[in-house]
Amino acid sequence: MNQKLEELLQLALQTPEETRARTEELNVGFNTDARTWELIVKYHGSLDVLKTLGIEVEYLIAGYAVLTVPEQLVDSVVELEQIEYVEKPKRYFYDIEMPTDNSCIAQVTLRSPNLSGSGVLVAILDSGIDYRLPEFRKADGSTRLRYLWDQTLLPMESVEGDAASLPRRPPMGYRLGVEFDSGQIDRALAAPTTQQQFELLPSVDASGHGTAVAGIAVGDSEAYQGVAPEADILVVKLGTPDANSFPRTTEIMRAVTYSIHKAQELQMPLVINLSFGNTYGAHDGSSLIERFLDNAAEIGRTVICVGSGNEGNSGGHLAGSLLQENNVASVGGRPGPGTAAPSGDGVPSRIGPIARPVSVELAVADYERTLNVQLWKNYCDTYRIFLRSPGGQETQLPRMVNGGKYTLRLEQTEIMIYFGEPAPYAVAEEIYFEMLPLGQNYINSGVWTIRLEPLQVVTGRYYFYLPSAAVRAAGTGFYHSTPEVTLTIPSTAAKVISVGAYDSTYEAYADFSGRGYADANRTIGVVAAGLAKPDLAAPGVGILAPDIYGGHTPMTGTSFATPIVSGSCALLMEWGIVRGNDVFLYGEKVKAYLRAGARALRGENEYPNSRVGWGGLCVSSSLPD
């Protein structure tokens with residue numbers, strides 16, 4: 001087992017390609033045609049030596065890079081001394097009232113100090129944008145976008161037809177997609193027909209998600225106004241050229257690096273909006289994407305806002321402890337099993353917790369083609385683990401496996417199991433289950449049971465996670481699921497502003513919103529250090545936003561609460577940095593001001609809490625007097 005490789009990558013490399021391709025996660029990052037792996041590395045020194053081997057190296061920030069490595073060279077690359085740690089990409093999933101309502105925004109935009117986001121760059125990293133809409137154009141019809149980088153387009157040195165004089169190239173230092181500046185966007189806008197516009201600038205927001213997010217944060221037209229209507233806009237359309245693709249870790253890291261470099265080039269303060277996440281990981285701040293964002297948040301005058309996701313009520317998480325309180329009287333003058341010694345008057349004293357087995361029940365709906373389950377635990381604890389299928393077949397998992405991988409069959413389902421170890425950057429231990437059908441199209445539906453029996457228990461804690469609700473059936477989930485710590489990664493990063501959602505109609509927490517850390521007994525990562533998440537909540541139900549059809553549609557989800565906060569950050573940074581009231585108003589200071597100004601919401605008695613953090617967004621109260 002190579003300690004430089006994350007466990008999911010080790011499992012992927014040990015799994016035949018035809019099997020990987022049937023899973024939701026293991027083949028992400030592998031290019032079937034080129035036979036290459038896209039890898040995220042933490043490194044020191046220089047990686048230029050890899051270029052002599054035909055390996056593409058894209059340097060990011062803070063000691064991170066993306067490598068494109070031929071399959072047969074992966075092992076050799078990992079052995080390079082400069083490589084510290086390697087992860088594979090993961091997929092991320094896109095997680096409605098006017099956005100300026102109910103967040104104390106009008107008090108600072110419609111009257112003194114009349115903030116608008118002017119002089120601040122807001123980066124929307126999402127599914128793209130409909131750049132033709134009036135919300136993203138100036139009064140003279142020209143674009144408000146400073147740059148648009150479409151990662152899904154293929155670079156071309158020349159283009160047929162009227163656009164022949166415009167080569168399409170990625171940004172300097174990148175090999176992916178095509179970058180358009182404001183001049184190229186204006187040229188497309190001036191074209192007389194939609195077809196000619198598309199020929200000049202063929203970037204399309206097919207889902208409308210990014211257009212809605214951008215509109216909420218920075219939109220401005222006669223019919224609609226976002227939170228920061230005069231902010232400059234930078235857009236990165238995330239993804240790959242594959243059809244129906246979801247953005248991956250590597251594309252997000254490239255986009256964040258690009259946004260920071262552009263803000264430095266333009267000498268502007270920067271707000272980055274990330275309205276997506278996934279459920280793979282310990283949710284403790286230890287993955288490379290979480291640590292990368294913490295580093296990125298400290299570069300330049302930057303604020304990063306991330307939605308907490310929509311997994312709060314999806315049934316995809318279950319946590320608990322094998323240690324339970326118990327009282328047992330002493331036996332024959334001696335304490336019974338699990339008891340404390342009797343007190344001096346012969347009465348047995350109250351005993352502490354005792355370790356007991358736990359059975360975790362997982363409902364698998366019909367027609368699930370594949371399903372993975374993550375079990376995270378403290379490495380100090382040792383459990384005996386049993387897996388039981390819906391038809392009653394049961395097996396005990398081995399405790400020690402060479403290479404970490406173990407495969408078994410229950411009924412018509414093959415289960416690949418990977419036993420992980422702590423990593424150089426993470427203390428948690430993972431046990432990963434990947435379920436695949438055998439001889440049929442779907443895994444066995446019904447109730448699967450995972451039984452944990454204590455052998456040596458120190459903390460007794462366990463944490464189960466399923467894939468995002470976006471890729472599993474509505475009926476698949478844990479019985480007695482746990483809503484706490486359902487915020488999605490990377491909103492778990494310590495130095496981003498993590499945004500939950502509330503329903504402004506009822507002034508109450510929206511139950512879909514991913515919850516954060518309220519578990520005082522959690523023993524791994526940033527939770528153990530007492531970090532509270534989310535930082536605050538914003539309206540996230542029925543938020544009116546521009547759509548790709550030229551109208552406005554109510555939207556619901558933390559995806560649409562997050563740009564309200566991003567736009568609000570732009571207002572604060574305009575007041576502080578652009579107007580000179582506080583030139584250090586960026587990073588953690590913006591977060592502190594927003595927390596301090598947050599207002600109480602109905603049903604919340606203690607702050608911060610796992611649902612709404614420090615409370616509901618209130619911009620006017622967040623500005624110093």
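A polar contact is a pair of N or O atoms within 3.5 Å; within protein, one atom must be able to donate a hydrogen and the other to accept it, and residues adjacent in sequence count only if both atoms are side-chain atoms. One such contact, of 3.2 Å, joins the side chains of lysine 262 and glutamate 179. The structure is a predicted model, in which local features need pLDDT of at least 70, side-chain atom pairs count only at pLDDT 80 or more, and totals for chains, interfaces and linings use all residues. Residues are numbered from 1 along each chain as its sequence is written, and side-chain values use heavy atoms, with hydrogens and water left out.

Lysine 262 belongs to helix H8 (residues 249-266). Helices (H or I, at least four residues) and strands (E, at least two) are DSSP runs, numbered from the N terminus. The lysine 262 residue is buried, at a relative accessible area of 10%. Here buried means under 20% relative accessible area, exposed over 50%, and partly exposed in between, for a 1.4 Å probe and protein chains only. With neighbours within four places in sequence set aside, lysine 262 is in contact with Tyr147, Glu179 and Leu234. Contact means heavy atoms within 4.5 Å.

Helix H1 covers residues 7-14. Six of its eight residues are buried, so H1 is largely enclosed by the rest of the structure. The buried residues are Glu7, Leu8, Leu9, Gln10, Leu11 and Ala12. They pack against helix H2 (17-20) and against five strand segments: E2 (36-43), E5 (83-87), E21 (405-410), E22 (413-419) and E23 (428-437).

A helix pair is formed by H7 (residues 209-218) and H11 (residues 558-578). The two pack at an angle of about 35°, with their axes 7 Å apart. Axes are lines fitted to C-alpha atoms, for helices over the stretch in contact, and angles run from 0 to 180 degrees between N-to-C directions. H7 passes H11 in a right-handed crossing. A crossing is right-handed if the near helix is turned clockwise from the far one by less than a right angle, and left-handed if anticlockwise. On the H7 side, the contact is made by His209, Ala212, Val213, Ile216 and Ala217. These meet Ser559, Phe560, Pro563, Ile564 and Gly567 in H11. By class, the contact has seven nonpolar, three polar and no charged residues. Ala, Val, Leu, Ile, Met, Phe, Trp, Tyr, Cys and Pro count as nonpolar, Asp, Glu, Lys and Arg as charged, and the others, Gly among them, as polar.

Five strands form an open sheet in the order E20-E19-E24-E17-E26, with antiparallel pairing. E20 (394-396) and E26 (477-478) stand at the edges, each with a single partner strand, so one side of each has no neighbour in the sheet. Two strands pair if DSSP finds at least two bridges between them. Seven bridges link E19 (residues 382-388) to E24 (residues 446-456) in the antiparallel sense. Threonine 382 stands opposite glutamine 456 in E24. Phenylalanine 386 has arginine 451 as its bridge partner in E24, and glutamine 396 stands opposite phenylalanine 386 in E20. E19 and E20 pair antiparallel over three bridges. Their hairpin has five residues between the strands, and glycine 392 there takes a positive phi near 100°.

A further hairpin is built from E30 (residues 543-546) and E31 (residues 552-555), antiparallel strands joined by four bridges. Alanine 545 stands opposite threonine 553 in E31. This hairpin has five residues between the strands, with glycine 550 at a positive phi near 90°.

Backbone geometry in several loops was also examined. The peptide bond from serine 112 to proline 113 is cis, with omega near 15°. Proline 113 lies in the loop between helix H4 (106-109) and strand E7 (121-126). Isoleucine 489 and proline 490 are likewise joined by a cis peptide bond, with omega about 20°. The loop that holds proline 490 runs between E26 and strand E27 (497-503).

Histidine 283 is not a glycine, yet has a positive phi of about 60°. Its loop connects strand E12 (276-277) and helix H9 (288-296). Histidine 283 is buried, at a relative accessible area of 1%. Tyrosine 367, also not a glycine, has a positive phi of about 70°. Tyrosine 367 sits in the loop between strand E17 (358-364) and strand E18 (371-378). Tyrosine 367 is exposed, with a relative accessible area of 63%.
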